[in-house]
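Trainee: Could we go through a structure together, so that I can learn how a value is set against a definition before a word is used for it?

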Amino acid sequence: MMSHSQGKVLTAIVGSYPKPRYVYPRNGRSLLDSFGFAFDRRRQELGRDEFSRLLDRAALEAIKDQDRAGIDIVTDGEERRGHYVLHIVNRLEGVDSRKRKPISMRAGTTQQDAPCVIGKLGYKEPLVLEEFLFTKKHASGIAKIGLPGPSTVADCVADEYYRGDRKRLAFDYADAIHHEVAALVEAGCRVIQFDDPVLLRYPDAARAWGLEALERCFAGLEDRASFIVHICRGYPNKPLERKGIAYKANQDYYRDILSWLADSRLDVVSIEGAASNLDASILSAIGKKSVMLGVIDVGENEVESVESLVARADQALHFVPKGQLILAPDCGMLELSRASARAKLMSLSRAARVVNTQ
């Protein structure tokens, strides 16, 4: 589908884009710290109809920013989502979004009040189909939609039903989300991304059942779309950095994960590489799969030069061919200013054009 794209380096946005002030007046970090619940309060303040109108406006602006930059694989910037996981999970059967309990997340690096799973997870209504159709209608590039991966879902909810059996919870989620994936494919979606950063937090569980749960989300649909897994190390968190708290997942696991994902049914593996200055040699472990490499730092508003991005791409191309490389931001761009995000995408696209003419 999308991989091995005629020997060209492609560009993409990974997940979130900055939220306009008229949608959410505070900064992106405050939204992350609220676990997305501040977005629900904003909806109540403005009223559902007015908030929906503003979200459409924000999504269209995010799409147009990517189009103007010349980004190849486009999303709606997840403008309608207060949280990339709970936006989906809260609408599944078996979840009580109004009942919340504190949970320890990301291998104990943070604690959040999370919605409770009170019954077997199941599918009851379309989740992101309208978001994809909106993006497809307005994007010049390839429209992509993102969904949370099973391992990460198991890490983001308060479990009152599965009695700590994360594998069974993840498998039931995969079965539920398969309905949405099938509907997206039927509607013409050809690029679907699963955001599953917890695979990096718990590599043993990832190998034991995490990949099986992930592949279960799109079983039988492999030939009808390209499937990506995004495995980031975590959103930038300046307050924790100032306190000296280590909150990022260990990037040393990337090489091992790339090695066993090389034999998976996934088409693309997306990882971070900018803020950590990741050793590009690990990309050789991906085999014949494509890699979406983060080369844009989403924790700093300073805009990368085209020259620096070309140099980073050239490093990567020592280990993967052009047709297997996609350049992207490290993770979601939610914490950046809009002006910075636009300029960073411009630099990203220009760098890809330079690399493709070399």
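Mentor: What follows is a set of questions about this model, which is a predicted one, with answers that go from value to cut-off to conclusion.

Trainee: What makes the overall form of the protein chain agree with that of a compact globule?

Mentor: For 358 residues, a compact globule would have a radius of gyration near 21 Å, and the protein chain has 19 Å, so the value agrees with the rule. The C-alpha atoms fill a box of roughly 55 × 45 × 45 Å along the principal axes, and 59% of the 358 residues count as buried. Among the contacts with a separation of 6 or more, 77% are made by residues that are 24 or more positions apart.

Trainee: What is the secondary structure made up of, and how much accessible surface does the protein chain have?

Mentor: The protein chain has 13 helices and twelve strands. Its accessible surface comes to about 14,400 Å², and 47% of that belongs to carbon and sulfur atoms. As for the charges, there are 51 positive and 49 negative ones, and their mean positions lie 2 Å apart.

Trainee: How do you know how many disulfides the structure holds?

Mentor: The structure holds zero disulfides, and two cysteines show how the test is applied. For C189, the nearest cysteine sulfur is that of C217, 14 Å away, and a disulfide needs the two sulfur atoms within 2.5 Å, so C189 is in no disulfide. For C232, the nearest cysteine sulfur is that of C331 at 3.5 Å, which is still outside the 2.5 Å limit, and therefore C232 is in no disulfide either.

Trainee: Are those two cysteines, C189 and C232, buried or exposed?

Mentor: A residue is called buried when its relative accessible area is under 20%. C189 has 0%, so the word buried applies to C189, and C232 has 6%, so C232 is buried as well.

Trainee: Where does V14 lie, and why is V14 called what it is called, buried or exposed?

Mentor: V14 lies in the loop between β1 (10-11) and α1 (28-33). Its relative accessible area is 3%, which is under 20%, so V14 is called buried even though its place is in a loop. Leaving aside residues up to four places away in sequence, V14 touches K144, Q193, H230, S270, M292, A328, P329 and C331. V14 and F227 are 213 residues apart in sequence, and their C-alpha atoms are 13 Å apart in space.

Trainee: What makes the phi angles of F35 and R163 worth a remark?

Mentor: Most residues other than glycine have a negative phi. F35 is not a glycine, yet its phi is near 60°, a positive value, and R163, which is not a glycine either, has a positive phi of about 55°. F35 is found in the loop between α1 and α2 (37-46), whereas R163 lies in the loop between β7 (158-159) and α7 (166-186).

Trainee: How do you know which of the two, F35 or R163, is buried and which is exposed?

Mentor: F35 has a relative accessibility of 3%, under the 20% limit, and therefore counts as buried. R163 has 84%, and a residue over 50% is called exposed, so R163 counts as exposed.

Trainee: Why does P197 count as buried?

Mentor: P197 has a relative accessibility of 6%, which is under 20%, so P197 counts as buried. P197 is found in the loop between β8 (191-195) and α8, and its C-alpha atom is 8.8 Å from that of V229, 32 residues away in sequence.

Trainee: What makes S349 in helix α13 (residues 338-357) buried?

Mentor: The relative accessible area of S349 is 3%, under the limit of 20%, and so S349 is buried. Beyond residues up to four places away in sequence, S349 touches T11, A69, G70 and I71.

Trainee: Which residues of helix α11 (residues 254-261) are buried, and what do they pack against?

Mentor: In α11, Y254, I257, L258, W260 and L261 are buried. The buried residues of α11 pack against α8 (198-201), α9 (203-216), β9 (226-231) and β10 (268-271).

Notes:
Residues numbered from 1 in each chain as written. Predicted model: local features only at pLDDT ≥ 70, side-chain atom pairs only at ≥ 80, totals over all residues. Heavy atoms only, no water. Buried < 20%, exposed > 50% of the residue type's maximum accessible area, 1.4 Å probe, protein only. Helix = DSSP H or I, 4+ residues; strand = E, 2+ residues; numbered from the N terminus. Rg over C-alpha atoms; globule rule 2.2 N^0.38 Å. Contact = heavy atoms within 4.5 Å. Areas by Shrake-Rupley, 256 points an atom, 1.4 Å probe, with all protein chains shown as cover. Lys, Arg positive; Asp, Glu negative; His and termini not counted. Charge placed at Lys NZ, Arg CZ, Asp CG, Glu CD.
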